[in-house]
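Notebook open, structure loaded. Today I'm looking at how some helices pack against each other.

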Amino acid sequence: EDPEERARIIKLVELRRRGAFCRNRGDDKNIIQDYAKNHMLDEHTAELLFHQAVHDEEFRPSLEEKTKEELAETMDVRLSEVEREESRMKHYANVMRWKGAGHAVMEENRLIGFWEEWQWAAQTKWVSLYRTDTMAYMHSDSKAFIHQKWERPFFSIGFVIAQIVFFIVYASLEGVDVEYATPAVGPEGFFMQIVDVGSCEVTCVDGENNYEISSYTDQRAQVWRYLTYSICHIGYGHLAGNAIVEIVLGVPLDYVHGSLRLAAVGILSIIGGALTIPFSDPYLAVVGSSGYGYGLIGVHFGHLVLHWKDHNKCKVIRHLQDRYFRLILLALCVLVLNASTIIGVISGSGDDGVSHAAHVGGFLMGFFFSTPILKEFGRHHYQHILVPAFTVVGCVYLVFGVIWTATQWRPVSLFDGWDEIYDPVDDWCSAGGEVGDKYSDTC
């Protein structure tokens with residue numbers, strides 16, 4: 001509505017279009033340079049030939065300095081061939097201008113397509129976390145935004161359905177009696193477990209019980225475990241909780257960015273959660289798609305950080321800026337998901353059986369890789385700095401996980417010594433462990 005703002009936007013659009021035309025070698029300067037290079041002419045001669053060929057009246061006075069005979073001599077051709085060179089230059093200039101214009105139009109259509117996708121997303125109730133002032137609502141009867149092939153939650157809904165189908169089919173075929181929190185449904189070969197600890201052997205040596213683990217089976221090379229653990233769950237309560245989180249947080253992302261991009265971030269979150277386990281809790285067997293769920297939370301946090309300046313209006317609660325409302329909403333989501341852990345810490349009830357390592361790894365992968373993989377429309381300078389920075393940090397994290405997993409045997413935790421980290425010797429097969437509690441000190 002502001003005439004000055006409208007004029008400024010029109011000017012920016014014209015500059016963008018002119019820039020696209022120049023980038024695709026359609027402007028006069030690039031045509032002259034390319035023609036001179038391809039035909040081994042100096043640029044000044046090519047410039048005279050160009051303006052004579054396209055009948056540039058403004059440039060006509062300079063042609064008096066160099067006649068057709070001089071042009072023929074410079075180009076080392078006969079006088080009769082100068083007109084042929086002019087015709088060739090004219091044809092070349094027309095072709096390059098059409099190519100430049102065509103590629104500029106393609107870039108324009110690509111930008112319009114991105115804008116239409118955001119307009120479509122703004123119409124749905126699912127994407128409230130992404131709606132900004134620049135995403136105006138369109139009429140509901142607009143046919144331009146009705147059928148978008150990739151603007152449907154194929155991956156987010158499909159992955160949940162795949163987990164449910166696998167859970168039901170495996171429990172039925174194996175005759176598993178499933179309860180709310182037990183047992184683990186899925187083959188043990190699918191669990192994220194890099195080492196299989198053998199039995200605890202107790203022997204009597206000099207009147208004292210000696211405890212020793214029989215074997216440690218290396219399973220690090222079973223690479224499928226780094227993905228397949230996400231479709232196994234412990235009881236239907238575990239499955240239902242993960243499914244709800246993935247639908248509520250994943251469908252909005254699927255609507256905005258498409259299934260392929262969301263699948264890439266989801267797989268990285270699952271792998272990131274798996275690679276966090278070897279350097280944090282290496283002796284645990286982990287199942288569940290919580291790494292993916294926390295990866296979705298990381299994506300939402302990543303978008304909030306990247307678009308922090310775009311959410312500075314008071315939209316939902318008066319006197320509370322939209323960015324702070326979103327931050328509070330996401331923080332409450334994290335608190336609710338970790339309620340059992342928080343209650344356990346406060347009450348001192350001990351370990352809640354949750355793999356926080358997979359949660360942290362999935363969150364970090366979703367946070368760091370959301371910006372380079374998912375669609376972004378950077379308008380601020382800091383965004384162009386954060387995107388490559390997040391990408392580098394995410395890649396470093398993954399590489400560190402791979403190197404640690406490959407080089408540490410027998411597995412050692414990066415946080416070795418913490419009481420919360422499970423160690424099969426100290427916590428299980430020792431005089432002070434679970435097995436030792438069943439025996440006396442002497443034998």
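A note to self on what an axis is here: a line fitted to C-alpha atoms, for helices over the stretch in contact, with angles running from 0 to 180 degrees between N-to-C directions. I also keep in mind that this is a predicted model.

Entry 1, H7 and H10. I looked up helix H7 (residues 154–174) and helix H10 (residues 259–276), and their axes come within 8 Å and cross at roughly 50°. H7 and H10 are therefore oblique to each other. From H7, I found Phe154, Phe155, Ser156 and Phe159 in the contact, and from H10, Ser259, Leu262, Ala263 and Ile270. Sorted by class, the contact of H7 with H10 has six nonpolar residues, two polar ones and no charged ones.

Entry 2, H2 and H3. Next I checked helix H2 (residues 28–38) against helix H3 (residues 43–53): the axes come within 9 Å and cross at roughly 120°. That makes H2 oblique to H3. The crossing is right-handed. On the H2 side I listed Asp28, Ile31, Ile32, Gln33, Tyr35 and Ala36, which meet Glu43, Ala46, Glu47, Leu49, Phe50 and His51 in H3. By class, I get seven nonpolar, two polar and three charged residues for the contact of H2 with H3.

Entry 3, the record. I looked up UniProt too, where an unreviewed entry places "transmembrane region" at several spans, among them 153–173 and 283–306. In the model, residues 153–173 are 95% helix and 0% strand, with the end C-alpha atoms 30 Å apart. For residues 283–306, I noted 71% helix, 0% strand and end C-alpha atoms 37 Å apart.

Terms used
Residues are numbered from 1 along each chain as its sequence is written. This is a predicted model: local features need pLDDT of at least 70, side-chain atom pairs count only at pLDDT 80 or more; totals for chains, interfaces and linings use all residues. Side-chain values use heavy atoms; hydrogens and water are left out. UniProt positions are given in the numbering used here, feature names are shortened, and annotations may be inferred rather than shown by experiment. Helices (H or I, at least four residues) and strands (E, at least two) are DSSP runs, numbered from the N terminus. Angles under 35 degrees count as roughly parallel, over 145 as roughly antiparallel, 65 to 115 as roughly perpendicular and the rest as oblique. A crossing is left-handed if the near helix is turned anticlockwise from the far one by less than a right angle, and right-handed if clockwise. Contact means heavy atoms within 4.5 Å. Ala, Val, Leu, Ile, Met, Phe, Trp, Tyr, Cys and Pro count as nonpolar, Asp, Glu, Lys and Arg as charged, and the others, Gly among them, as polar.
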